[in-house]
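Biologist: I would like to look closely at one part of this model, and then to see how the parts around the rest of the chain are put together. Could you take me through it slowly, one step at a time?

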Amino acid sequence: MHDAFQKANDPLTYLTSKKEGYFSIFRTFCRGATSTTVLADFVGNKLKEAVRQAVYKKTSRDIAGEMRADNPAFKSNRAHLENCILASLADEENFDKFMKYIHFPKQHFEEFISQSVDKYCWSGENPRILQVFRDNLDSFNISVLRTISRSTEVVQDKNGDVPMWLDEFCSELKDDLQFARSDLKSVEYQDIKDINFLKEAMATVLENVVADLKKDFSMESSTNKDVSRTTPQEILFKQLCGCWEQCPFCSAMCTNTISCHDGDHSVTFHRPQGISGVNWHKTDNLVTDICTSFVGSDCRLVLSEDNKIPYKNYREAGPRYAKWNITPDNSSQPYWKWFVCRFQSDLEEKYSKKFNGKGEIPDQWKTITKSAAIESLQ
């Protein structure tokens with residue numbers, strides 16, 4: 001807060017921030033330039049960064065919009081995206097990625113979206129994102145050129161001066177660009193009388209600005225996240241995120257599409273608890289049962305040797321459990337049964353436990369094919 005106050009109110013900090021601009025004006029005058037040329041160059045320098053940021057912002061929105069329309073994974077809601085991610089994981093059959101998804105779902109979602117965006121943006125010899133950059137740059141170029149002409153007409157009709165032209169110019173651009181009128185206070189040259197010449201000088205400067213930006217927008221480094229304020233990845237993630245709370249027993253994600261929603265957490269399908277490393281009490285047997293079957297049974301939930309409660313009273317186990325709504329139900333998803341069979345040895349090695357005894361894998365599970373598991377997601 002102190003730094004922000006100093007930046008806004010300290011004269012030395014203010015002058016230091018304007019040093020580059022003032023030096024540019026001084027250098028241009030030393031080369032014998034007219035006041036009109038100096039003004040046009042100064043405005044052009046400010047305009048260049050404003051246009052750059054506007055192109056980044058609109059391109060991010062456009063790419064995100066295109067992916068929502070064209071990419072099957074992003075056409076619907078978070079639940080649909082999750083099913084697409086699960087289908088992708090099954091196709092790839094990478095156990096480490098499965099574990100990341102199970103234990104760190106939010107991070108896995110972010111990576112999936114980021115990889116999908118990169119693939120969409122950079123595939124082929126003429127990357128899509130560079131096409132969108134150029135199209136948006138052309139659009140802003142036309143808009144600024146139109147604004148230069150309109151501002152000139154208004155000022156000439158009113159027999160106005162440079163400050164009026166700058167007022168009109170900035171006012172016209174305010175909806176399209178972050179272009180502050182206050183940044184131009186130092187170049188309100190009263191000796192400029194030929195507003196039409198200013199119009200021509202601004203058009204020339206704009207042509208140079210656009211040429212420079214076209215070079216920038218022809219390379220991958222132009223998408224540097226440090227430059228772009230909001231990326232397509234961030235837009236998509238914000239649009240498709242929801243609640244990231246995980247079931248305290250099986251780690252399934254709450255399916256609510258609102259991150260801080262009212263009411264209880266819930267999921268459509270719970271998973272065999274052994275997927276998250278849960279084992280039967282006093283054994284190394286991983287659990288194949290699902291949460292919804294436990295709450296409808298006479299099993300007890302072991303919190304400690306001296307604290308065991310009926311599973312159906314799981315909400316009494318503490319805050320982590322109290323906000324979950326798990327209703328008795330024997331339905332389960334074939335997908336996770338296939339997963340347990342496919343990665344049985346990996347799961348046993350990871351958790352140093354076995355699918356034995358009470359955790360014996362049912363023979364019926366072993367008949368589920370990968371294609372059937374993926375179809376069950378639909």
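In which loop is Q273 found?

Modeller: Before anything else, please keep in mind that this is a predicted model. Q273 is found in the loop that runs between helix α10, residues 232-240, and helix α11, residues 291-294. Although Q273 sits in a loop, its relative accessible area is 1%, and because a residue counts as buried when that value is under 20%, Q273 is buried. If we leave aside the neighbours within four places in sequence, Q273 is in contact with F249, C250, V278, V287, D289, I290, C291, F294 and Y311.

With that residue in mind, we can step back to the whole protein, which has 15 helices and 2 strands. Of its 378 residues, 43% are buried. If we take the contacts with a separation of 6 or more, 67% of them are between residues 24 or more positions apart.

The two strands are β1, which covers residues 300-304, and β2, which covers residues 307-310, and they pair in the antiparallel sense over 4 bridges. Together β1 and β2 form a hairpin, with 2 residues between them. At one of these places S304 has N307 of β2 as its bridge partner.

We can now turn to the helices, where two numbers will be used again and again. Two packed helices are described by the angle between their axes and by the distance between those axes. Let us start with α7, residues 128-157, and α9: their axes come within 10 Å and cross at roughly 170 degrees. That angle makes α7 roughly antiparallel to α9, because angles over 145 degrees count as roughly antiparallel. On the α7 side the contact is made by L137, D138, N141, V144, L145, I148, S149, T152, V155 and Q156, and on the α9 side by I195, N196, K199, M202, A203, L206, V210, L213 and K214. Sorted by class, this contact of α7 with α9 has 11 nonpolar, 5 polar and 3 charged residues. When you look at the spacing of such residue numbers, it helps to know that an α-helix has 3.6 residues a turn, so residues three or four places apart point the same way.

Helix α7 has a contact with α8 as well, and here the axes come within 9 Å and cross at roughly 140 degrees. The two helices are therefore oblique to each other, and the crossing of α7 and α8 is right-handed. From α7 the contact takes in V144, T147, I148, R150, S151, T152, V154 and V155, and from α8 it takes in M164, W165, E168, F169, E172 and L173. These residues divide into 8 nonpolar, 3 polar and 3 charged.

The loop between α7 and α8 holds N159. The phi of N159 is near 55 degrees, which is a positive value in a residue other than glycine, and N159 is exposed, with a relative accessible area of 70%. S352, in the loop between α14 and α15, also has a positive phi, of about 55 degrees, although it is not a glycine. S352 is exposed as well, at a relative accessible area of 62%.

Helix α8, residues 162-173, also packs with α3, residues 35-70, at an angle of about 20 degrees and with the axes 13 Å apart. That makes α3 roughly parallel to α8, and α3 passes α8 in a right-handed crossing. The contact is made by L39, V43 and L47 of α3 together with V162, L166, F169 and L173 of α8. In this contact of α3 with α8 there are 7 nonpolar residues, no polar ones and no charged ones.

Beyond α8 comes the loop that leads to α9, residues 195-216, and K193 has its place there. At 68% relative accessibility K193 counts as exposed, and its C-alpha atom is separated by 7.0 Å from that of D161, although the two are 32 residues apart along the chain.

A last stop is helix α13, residues 334-342, whose buried residues are Y335, W336, K337, W338, F339 and V340. What covers them includes α4 (78-92), α5 (95-103), α14 (344-351) and α15 (370-375). To return to where we began, Q273 is buried too, in the loop between α10 and α11.

Note on methods
Residues are numbered from 1 along each chain as its sequence is written. This is a predicted model: local features need pLDDT of at least 70, side-chain atom pairs count only at pLDDT 80 or more; totals for chains, interfaces and linings use all residues. Side-chain values use heavy atoms; hydrogens and water are left out. Two strands pair if DSSP finds at least two bridges between them. Axes are lines fitted to C-alpha atoms, for helices over the stretch in contact, and angles run from 0 to 180 degrees between N-to-C directions. Angles under 35 degrees count as roughly parallel, over 145 as roughly antiparallel, 65 to 115 as roughly perpendicular and the rest as oblique. A crossing is left-handed if the near helix is turned anticlockwise from the far one by less than a right angle, and right-handed if clockwise. Contact means heavy atoms within 4.5 Å. Ala, Val, Leu, Ile, Met, Phe, Trp, Tyr, Cys and Pro count as nonpolar, Asp, Glu, Lys and Arg as charged, and the others, Gly among them, as polar. Buried means under 20% relative accessible area, exposed over 50%, partly exposed in between (1.4 Å probe, protein chains only).
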